[in-house]
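Let's take a walk through this one together, a piece at a time. Have the structure open and follow along as we go.

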Amino acid sequence: MMKFRFRRQGADPQREKLKQELFAFNKTVEHGFPNQPSALAFDPELRIMAIGTRSGAVKIYGAPGVEFTGLHRDTATVTQMHFLPGQGRLLTLLDDSSLHLWEITHHNGCAHLEEALSFQPPSRPGFDGASGPLSLARVTVVLLVAAGDMAALGTEGGSVFFLDVPTLTLLEGRTLLPDEVLRSVPDDYRCGKALGPVESLQGHLRDPTKILIGYSRGLLVIWNQVAQCADRVFLGNQQLESLCWERSGSMLVSSHSDGSYAVWSADAGDSPMTQPTVATTPYGPFPCKAINKILWRNCESGDHFIIFSGGMPRASYGDRHCVSVLRAETLVTLDFTSRIIDFFTVHSTRPEDEFDEPQALAVLLEEELVVLDLQTPGWPAVPAPYLAPLHSSAITCSAHVANVPAKLWARIVSAGEQQSPQPASSSSSWPITGGRNLAQEPSQRGLLLTGHEDGTVRFWDASGVALRPLYKLSTAGLFQTDCEHADSLAQAAEDDWPPFRKVGCFDPYSDDPRLGVQKVALCKYTAQMVVAGTAGQVLVLELSDVPSEQAVSVASVDLLQDREGFTWKGHERLSPRTGPLPWPAGFQPRVLVQCLPPAAVTAVTLHAEWSLVAFGTSHGFGLFDYQRRSPVLARCTLHPNDSLAMEGPLSRVKSLKKSLRQSFRRIRKSRVSGKKRAANATSKLQEANAQLAEQACPHDVEMTPVQRRIEPRSADDSLSGVVRCLYFADTFLRDAAHHGPTMWAGTNSGSVFAYALEVPAAAGGEKRPERAVEAVLGKEVQLMHRAPVVAIAVLDGRGRPLPEPYEASRDLAQAPDMQGGHAVLIASEEQFKVFTLPKVSAKTKFKLTAHEGCRVRKVALATFASVACEDYAETCLACLTNLGDVHVFSVPGLRPQVHYSCIRKEDISGIASCVFTRHGQGFYLISPSEFERFSLSARNITEPLCSLDISWPRDSTRTSHRLRESPKLSQANGTPGIVLASRSRDGSPDPGHSKEADTPEPPEAMLSPMSIDSATSADTTLDTTGDVTVEDVKDFLGSSEESENLRNLAEDEARACAILIK
């Protein structure tokens, strides 16, 4: 039956305006390494680099902070990319042989990467109704000639076509067919064999009229475009893979499929050359794999660099991914852990320079980008200021820490510099320096923490557009693993031939899956940290500026509390090393707490002011005093039927009887509810019509939305004892007159436990006395529908979240209101509810599942500052659902403010990896190696803002031929703005058009929001990528029975509504 309520007509226009000043949804930038790269290009004049991917994305990078993105209309692999030097234009070739011209165009003071033109080669005669002499087979190679005004296209059929680049039209009459080339070849070389596809096209640096053409069969031809004839012919007989023309044009080098390369002299007369000057197989004499690409770079010292990929002995090292660098007698075989996509050298390209003098070698791999300094002895790797592989080991959890104090930031950076054998990366050593970052220095520093499968925690500078690696913490050294054996094998093989050198940091293999990090929490005021892992290990660490050697205290906490009938069938606990252990500068472990049984830790929180850490697993939760190194509390949350919780994460055992019972129960319920609906439909409609006739309905009647009926979850559901969240708060629990420390825990079955803590008070800011901490159960709440509790937060008398530990005592935030009544906000997967304290009586609630038909996945409290008034800000509740939508609610009223579609509902991993920040931003994984950054705040936006000096040709016809603007990436920002600074003017960009990337925040005293998954790492939701639960999979797959029930219910309600309106 429909319900009616009398409400005020329409929305409040003043509130709607305020919402626009507070909230705005933007996907701003992608952090990390592009997923599945397929092509690489470098502009030596602008010093910018482009990466193309298999999904058709185009990403351009310059100096840190200079980056933007485009996306092809069709989802096709980008196979080749070529910059028009100095013009900010990029020509891309896709695997469907289509060509696309991208350019940076100017709009309202900002520039965007747009696709200006596209070219689809004509079909072969007889196909698709096409006719005429011009027909292209698959394009295999592209060469830009004549300063980028013309492009030569080599095809699979052996022809070379010429294309006018400004208009992307074929130049008729310029096509070079294989028959014309064969006229210059001796008869005995033809012998009826085709030349094969065009494998390589190379231009002459000083004479643009000449093109070097290499055919798959091995034939090399220097073609003169003016005379339309072959100047030189080289009769190679080995299958060609790659070509490189030496700078002066007097020499060329070819690489072949048998692992050899040959050097040919271009000055030895006019007769066809049959033998190369030098031919060698670097890793012979046994059969070798093909050398896929080769470069020749000369130096002023008289020697030269030969750089090539592949060529390894097929039997011994055929599975290695290697790039070899040879200079004089020095050979280094760079051994990578992922497939090589492409590489280039940064060297002089000015025609007046006599030598290349390469400065750096950049190698694009499938999983990372590696840059080597070729001017420094030993050719060391250059640390990357961005494009770091986030997934060097698989990401298992993530967290964000905002407003990091400057002192802690400097200490973390210093620890990271000591980890590297060379100084930290600087803009001078990084060779890709194009453009200028115009974004203002961020007003506050933000840390992104990522936990990984190999037991490491990586610290990233997330303050701006470039996600810069700062420091890596490894926890594996505390435990006994098999890594020592692997290290000894690696050292034994160092002296073997070839001279391998491990390069890069991508290492997807873990020594032990139990090392995986599940939860992290950081106190930014005391530099203390908690890292919890897969085997129930909870590490308490502290930042030290100097290396040390010390033993780590080990304690165990039994969460089963000797409960009978439960036997752990999962993995064993990790064995810690004993005795003093050496620890480098950085975060050093102080205490190891081992949960028993050793199940994965599902929740953790730290309160450094009380020296307490709380942790939870699928069996229960515990409280540990790490100052006295003694356990305070252990509580088992297992239900008697929780047998699945004892199987471990890798077990697939489940009771078939129980599964069948639940299935029949659902079927029976759906049949009964269907019969009831059919029997009561007529009476419901008659009753509703009668009520409607009796009432004199005014015009401002508004119907409340239809609420779905939510079935209570069974108490004996599997994994009901999983602890989902833990929280510390100083609030009123025992009575309304006395407040004190409390600890809150929420479980998968909708239970909330609140403990009153007796913590000895510290005097004068010193450490608290060495008396034991006591915990007494104060309240226990059971939610009616038994929905999992996602988060808990206590609000003060003004309805604001409590400040973080030490914030109030050190006057870093406004002290909480302890006079008015406190309230606790409990967020479950189905609803948000506010209870008064200490009585724990319901005050306000919002049923998200009933209203929206979705479930809560992530929750955080965030501060939204107004763009119109600098001093105005509101604390709101941000929520991500299982459908990928983000909702924002007011606090404590729980009134819906805005909602946006953020993540595809099929992207379970992306939803599980999402983390909100303290100031209304968020991150989620769009691939294993990329974080998408988004903003819910209209004021706090981090996006690219930069300038690029571009020299357009005077006769450019770009504006008249513009095709369209690039569509935005489905999981990306698409085309971040770039301020265009043309060289034809004074060269100085106009900063007046710039938009602040990080606007100043309101005073900290006004802002005390907290994410409600942790009391210390207050701005994070410490949920992990690895926490893909059974509920997540159910949401993705869907239950046909439940969806059918909902559909029937919706149809019944819709019919009833239609009759009432009539």
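Start with the far side of helix H1, where Pro-13, Lys-17 and Gln-20 are exposed. Keep in mind as you look that this is a predicted model. Now turn the helix around. H1 spans residues 13-22, and its buried residues are Leu-18, Lys-19, Glu-21 and Leu-22. Looking down the axis of H1, you'd find those buried residues within an arc of 160°, so they line one face of the helix.

What sits over that face? The cover on the buried residues of H1 includes strand E2 (23-32). It also includes strands from much further along the numbering: E56 (856-865), E57 (873-881), E59 (896-901) and E62 (930-937). Before leaving the helix, check its start, where a side-chain oxygen of Asp-12 comes within 3.2 Å of the backbone nitrogen of Gln-14.

Let's zoom out for a moment. The chain has 11 helices and 64 strands. Of its 1062 residues, 55% are buried. If you take the contacts between residues at least 6 apart in sequence, 63% of them join residues at least 24 apart. As for the outside, the chain exposes about 44900 Å², and carbon and sulfur atoms supply 50% of that.

With strands on the table, have a look at E17, residues 219-224. Is this strand mostly covered or mostly open? Mostly covered: six of its six residues are buried. In a regular strand, side chains alternate between the two faces of the sheet. In E17, Leu-219, Val-221 and Trp-223 point one way, while Leu-220, Ile-222 and Asn-224 point the other, and all are buried.

E17 has partners to inspect as well. Strand E16 (residues 210-215) pairs with E17 in the antiparallel sense, over five bridges, and you can spot Ile-213 standing opposite Val-221. These two strands make a hairpin with three residues between them, and Gly-218 in the turn has a positive phi of about 120°. Next comes strand E18 (residues 229-235), which runs antiparallel to E17 and is joined to it by six bridges. Here Asn-224 has Cys-229 in E18 as its bridge partner. The hairpin of E17 and E18 has four residues between the strands, and Gln-228 takes a positive phi near 55°.

Another sheet is worth a visit. Four strands form an open sheet in the order E11-E12-E13-E14, with antiparallel pairing. Strands E11 (139-145) and E14 (169-170) stand at the edges with a single partner strand each, so one side of each is left without a neighbour in the sheet. E11 is joined to E12 (residues 150-155) by six antiparallel bridges, with Leu-143 opposite Ala-152.

Finally, the cysteines. How many disulfides are there? Counting sulfur pairs within 2.5 Å as disulfides, the total is zero. Take Cys-879: the closest cysteine sulfur is in Cys-854, 6.8 Å from its own, which is too far for a bond. Cys-879 is also buried, at 0% relative accessibility. Cys-876 is likewise buried, with a relative accessible area of 0%.

Conventions: Residues numbered from 1 in each chain as written. Predicted model: local features only at pLDDT ≥ 70, side-chain atom pairs only at ≥ 80, totals over all residues. Heavy atoms only, no water. Buried < 20%, exposed > 50% of the residue type's maximum accessible area, 1.4 Å probe, protein only. Arc of directions from axis to C-beta. Contact = heavy atoms within 4.5 Å. Polar contact = N/O pair within 3.5 Å; in protein donor to acceptor, adjacent residues only side chain to side chain. Areas by Shrake-Rupley, 256 points an atom, 1.4 Å probe, with all protein chains shown as cover. Pairing = 2+ DSSP bridges.
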